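Me: Please take a close look at a single part of this structure and tell me how it is placed. After that, connect it to the rest of the chain, step by step.

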Amino acid sequence: MTEIALPAFPVEGGCICGAVRYRITGAPLAVYNCHCRDCQRLSGATHSMSMPIARDRLQHLRGELVAHDKPADSGRTVRMLACARCGTKLWNEPLASPAMLVVKPGTLDDPSWALPIGNIWTASRLPWAVIDETQVNFPGQPPDRQPLYDAWSAATT
Ligand SMILES: [Zn+2]
Ligand SMILES: [Zn+2]
């Protein structure tokens with residue numbers, strides 16, 4: 001069983017150029033990998049990491065953001081927010097779920113604790129992307145994220 005040591009909150013993060021800074025005031029709901037084709041294109045890599053968090057736990061401290069709206073496979077819209085100066089993608093706002101945000105954990109000042117506990121869209125993983133079969137994995141979009149949240153809770157307590 002994976003054990004994840006959460007940091008002492010609040011913690012902060014930001015973009016490459018330093019214009020945008022944010023603060024997270026409490027634990028996220030989960031951290032997991034997404035192997036969908038959009039994440040492959042956006043990251044230019046095998047997958048991206050997603051860190052859903054209650055919206056009121058993320059404070060945008062400074063820096064101008066630019067929004068790009070992306071249609072998701074579900075037909076819903078995901079608003080992607082990036083630094084207006086350097087383009088670093090910082091978090092997504094799923095417009096269908098206004099109570100939460102999905103932060104890009106690689107933008108944390110110290111991302112070392114943000115260990116993924118599962119994988120989604122494994123059906124489109126690239127052949128060399130290794131999936132830990134003991135984790136909570138879904139071939140596509142999970143019907144709901146609760147099993148990922150439960151795995152994160154179990155790993156962090
Ligand atoms: Zn920037
Ligand atoms: Zn994805």
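**A loop residue and its surroundings**

Reply: Leu126 has a relative accessible area of 23%, so it is partly exposed. The reason is the pair of cut-offs, because buried means under 20% and exposed means over 50%. This is a predicted model, and every value here is computed from it.

Leu126 belongs to the loop between E10 and E11. Not counting residues up to four places away in sequence, Leu126 touches Gln40, Ala45 and Thr46. One of these, Gln40, falls within the range of helix H1 (37–43). The C-alpha atom of Leu126 is separated by 31 Å from that of Ala84, and the two residues are 42 apart along the chain.

A second loop leucine can be set beside this one. Leu115 lies in the loop between E9 and strand E10 (118–120). Its relative accessibility is 39%, so Leu115 also counts as partly exposed. With neighbours within four places in sequence left aside, Leu115 is in contact with Thr2, Ile4, Val31 and Trp152. Val31 is 84 residues away along the chain, yet the C-alpha atoms of Leu115 and Val31 are separated by 6.5 Å.

The strands named so far belong to a sheet. Eight strands make up this open sheet, in the order E6-E7-E8-E9-E4-E3-E10-E11, with mixed pairing. Strand E6 (65–71) and strand E11 (136–137) are at the edges; each has a single partner strand, so one side of each has no neighbour in the sheet. The loop of Leu126 therefore leads to one of these edge strands, E11.

Next come the pairings between E7 and E4 in that order. Strand E7 (residues 77–83) and strand E8 (residues 89–94) run antiparallel and are joined by five bridges. In one of the pairs, Ala82 has Lys89 in E8 as its bridge partner. E8 is also joined to E9 by two bridges, again antiparallel, and E8 and E9 form a hairpin with five residues between them. Here Trp91 stands opposite Val103 in E9. On to E4: E4 and E9 pair in the antiparallel sense over four bridges, and the bridge partner of Pro52 in E9 is Val102.

E9 is covered on both faces. Met100 and Val102 are buried on one side, and Leu101 and Val103 are buried on the other.

Buried residues of this kind lead to the nonpolar core. The largest nonpolar core has 35 residues, and Tyr22, Ile24, Trp91 and Leu108 touch the most other members. Elements giving two or more residues to this core are strand E2 (21–24), strand E3 (32–34), strand E4 (48–54), E7, E8, strand E9 (100–103) and helix H2 (146–156). H2 gives the largest share, five residues. Ile24 shows how such a residue is surrounded: neighbours within four places in sequence aside, Ile24 is in contact with Phe9, Pro10, Val11, Met51, Ile53, Arg57, Leu58 and Leu108.

Pockets are the last topic. The largest pocket has a volume of about 630 Å³. Its lining takes 30 residues, and those nearest its centre are Ala72, Val78, Ile120, Gln141 and Arg145. E3, H1, E7 and E8 each give two or more residues to that lining, and H1 gives the most, with four. By class, 16 lining residues are nonpolar, six are polar and eight are charged.

The second largest pocket holds about 180 Å³ of space. Among the residues lining this pocket are Cys39, Leu42, Ser43, His47, Ser48 and Met49, together with Thr88, Lys89 and Lys104. H1 and E4 each supply at least two residues of this lining, and H1 gives the most, with three. Its classes are four nonpolar, six polar and two charged residues. Lys89 thus lines this pocket and is also the bridge partner of Ala82.

To return to the start: Leu126 touches Gln40, a residue in the range of H1, and H1 contributes to the linings of the largest pocket and of the second largest pocket.

Conventions: Residues are numbered from 1 along each chain as its sequence is written. Chains are lettered from A and ligands numbered from 1 in the order in which they are written. This is a predicted model: local features need pLDDT of at least 70, side-chain atom pairs count only at pLDDT 80 or more; totals for chains, interfaces and linings use all residues. Side-chain values use heavy atoms; hydrogens and water are left out. Two strands pair if DSSP finds at least two bridges between them. A nonpolar core is a set of buried Ala, Val, Leu, Ile, Met, Phe, Trp, Tyr and Cys residues joined through side-chain atoms within 4.5 Å. Buried means under 20% relative accessible area, exposed over 50%, partly exposed in between (1.4 Å probe, protein chains only). Contact means heavy atoms within 4.5 Å. On a 1 Å grid over the protein atoms alone, a cavity is a set of points where a 1.4 Å probe fits but cannot get out, and a pocket is an open set with protein on both sides within 12 Å along at least five of seven lines; lining residues have an atom within 4 Å of a point. Grid points are joined across faces, edges and corners, and a volume is the space filled by probe spheres set on the points. Ala, Val, Leu, Ile, Met, Phe, Trp, Tyr, Cys and Pro count as nonpolar, Asp, Glu, Lys and Arg as charged, and the others, Gly among them, as polar.
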